[in-house]
Structure formats: structure tokens, C-alpha cells
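This report describes selected features of a predicted model. It takes up one residue and its surroundings, then a sheet, then a charged pair.

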Amino acid sequence: MPTTITINVTNNSTTMQNFFFFQQPAAYSGGQQVYTNSLYSQALLPYSTSGAVLTFTMILQYYAGVQQQVQPPQIGQPSGQLAAIQAINLTSAAGGPQTNNTTNMTVSPSLGLSVPTYTAGPQAGSFRIVTPTFNPVLTNYNAGSAVQALSGAITLSNFVTAQPNTNLDCQPIIKFYVQTGTYTAGTVMNFTSSSINAAVCDATPGFTTFNVTYNVDGTWTVRNMAVSSLADGTLGLVERSVTPSGLLAPIAPNAAVKNEAGTSVISTGNAVNFDLPTTITNLNNPGGLAVFKEYQVGPTNGPFRGTMCTNLAGTTGTFS
């Protein structure tokens, strides 16, 4: 049996609620805008009147995925038709075994991904999609990380617009969210706004089952479960921790953008790393920034270095 991640949702409110599930976006090389799709959505009656529990189960296997764009990604619209996927391994840490961490994308005679093989380039914890030469004026493609449900359905969980003839490295994050609302699977959603006050199911520590309760006051309770030895020596699910959540504190900013002289902070946000190009999300003052203008960018406590803002999209900026 494959290893799975299961999220069970109970609705303890007094009315029917719609819930949708989504994943934390992966970290991508290249500094492009990252888009997030919903993984699953379903209505759920109150438990007190129906006894119903909503279950979403995913296979814990990393997938590379590509699809042809029908239109540029738009919130509330399908991202495209998933055309090709490959189960793929993540790069081992230094000194670890070689893994099949790289797949080659093809666009002719049809869109596809090759059987993964090992390459030495990707950083630990990531996989690589090597894109071919193509004309993005004629056709664009989405490329990124996919998730397979136990039902067999595969959804491109998060992605970027593929650039021709490049190495796209993707470092998936196995952290999932449940929120009220309706985004059908494969529909582009706003991760930043949807993750606020959502239930967080973090599988990174090894939890495999999450019992999520939507409380009558609009808060969440998440019970984190893992397979462990029981008193009789058999294996079973054991509750490891409980995470109550209401108005969740936002992620503390770890990045700052200063003016060109470095004398004042214009905006703060979050960055996975500060390699160039640097992508900063959750900018608190994107209106104070301008494309093709010079800034000092770095961790909130420094050091800073001079960069140019090359792209602004909502609350996300790219600095090169």
C-alpha cells in the first residue's frame, strides 16, 4: 500500500459549509510568479444533523506535471488541462544516494515528460523539469508540482509559466490547508488570502492523518496523527498534537526592501532565500515599489544588496 496523507473534516457549525483543500506553493527557481490550484472541494452538512465527515486522501508521492495554457492563469478559472505527469524523486542531501530527480519536457509531436533520471544540478529536496525550445508567443505551458488523490485523480497543485530552454527546479512543501469556500479542483486560487485563518495540516514532521474540525465560532481545531506502536505492539494512529486556530497570526516577515540609498524600509515580506533573482511574497506596501527601479533587498536584519525590481504582481515582487 502506498503511503497516504488523509484529511478528515467535521463541520460543527449549524449550517452546511463548502470546503476546499490546497497545498503550500513549492519554491521555484527563476523568480517567476507561482500560481496555486485547488485540490478538492465539497459541501458538508453539519455533523450534528448528518453525522457526515468529509475525507480527502492523497498519495505521498511527488509528481512533476505540465499542461498547455488555455489562457493566462486567472483566479477562479481552470489553469488548463493536465497533459503529462511523471512520478519523480527529490534530490538527496549531500552524501546521499543518487535519485531520479530530473525529467525532460517535450512539446513536439505532443506535450510530454520523459521518465526521470538522475542529474547532479538540482538542490537537495527539489526536482527538475528541463524545458525544450518553443515559441511562447504562440503557446504557453504551465509546469510544476502535481498531487494524486487516492481516487487516482491528479491535479497540478502549484506551477509557474514555463520558459523555453531552461532548467526549472521545484522544491515541494508538504503542508496543506482547508478553507471555507468553493474552488473546484484545478481552479486557480489566491493562496495568500485563502490561507489566512485556514486550517493548517503540516505533514513535514511526519504526520499522516489530520482530523480537522470547523467549529461553530468559525475557528478550527486540527488533531495531528501519526502511525505509532500501540500498547499491544500493533501499529495504529496516535494523536501527537492538537493545533487550535482562529485568527492565525500571519507569517512574520523575513525580508525587507529599502530605498536605493538603503536609508529607509519601503516594504517587508517573505522570501524563501535571497539568491538572485529574489522573490518576495506578502509585500505589505507593493504600491511603494516600481518596476525597473533600484532597491536594497535582504533579510530584515541585513545584510542588504542593490537589486532592481523586475516584476510586480499583486503582493509579490521579483528583484534581480
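## Q17 and its surroundings

With a relative accessibility of 16%, Q17 counts as buried, because the cut-off for that class is under 20% relative accessible area. The residue belongs to strand 2, which covers residues 17-23.

The side chain of Q17 makes a polar contact, at 3.4 Å, with the side chain of S13. When residues up to four places away in sequence are left out of the count, Q17 touches N11, Q42, A43, L44, T180 and Y214.

## An open sheet of six strands

Six strands form an open sheet in the order 8-7-12-13-4-16, and their pairing is antiparallel. Strand 8 (81-87) and strand 16 (188-189) stand at the edges with a single partner strand each, so one side of each is left without a neighbour in the sheet.

For strand 16, the pairing with strand 4 (residues 35-37) is antiparallel and runs over two bridges. Within this part of the sheet, N37 stands opposite V188 of strand 16.

## The salt bridge

The predicted model holds one salt bridge, and this is formed by R128 and D169, whose closest N and O atoms are 2.6 Å apart. The pair links distant parts of the chain, since R128 lies in strand 11 (residues 127-130) and D169 lies in strand 14 (residues 167-171), with these positions 41 residues apart in the numbering. Both partners, R128 and D169, are buried.

Definitions and conventions
Residues numbered from 1 in each chain as written. Predicted model: local features only at pLDDT ≥ 70, side-chain atom pairs only at ≥ 80, totals over all residues. Heavy atoms only, no water. Helix = DSSP H or I, 4+ residues; strand = E, 2+ residues; numbered from the N terminus. Buried < 20%, exposed > 50% of the residue type's maximum accessible area, 1.4 Å probe, protein only. Polar contact = N/O pair within 3.5 Å; in protein donor to acceptor, adjacent residues only side chain to side chain. Contact = heavy atoms within 4.5 Å. Pairing = 2+ DSSP bridges. Salt bridge = Lys/Arg side-chain N within 4 Å of Asp/Glu carboxyl O.
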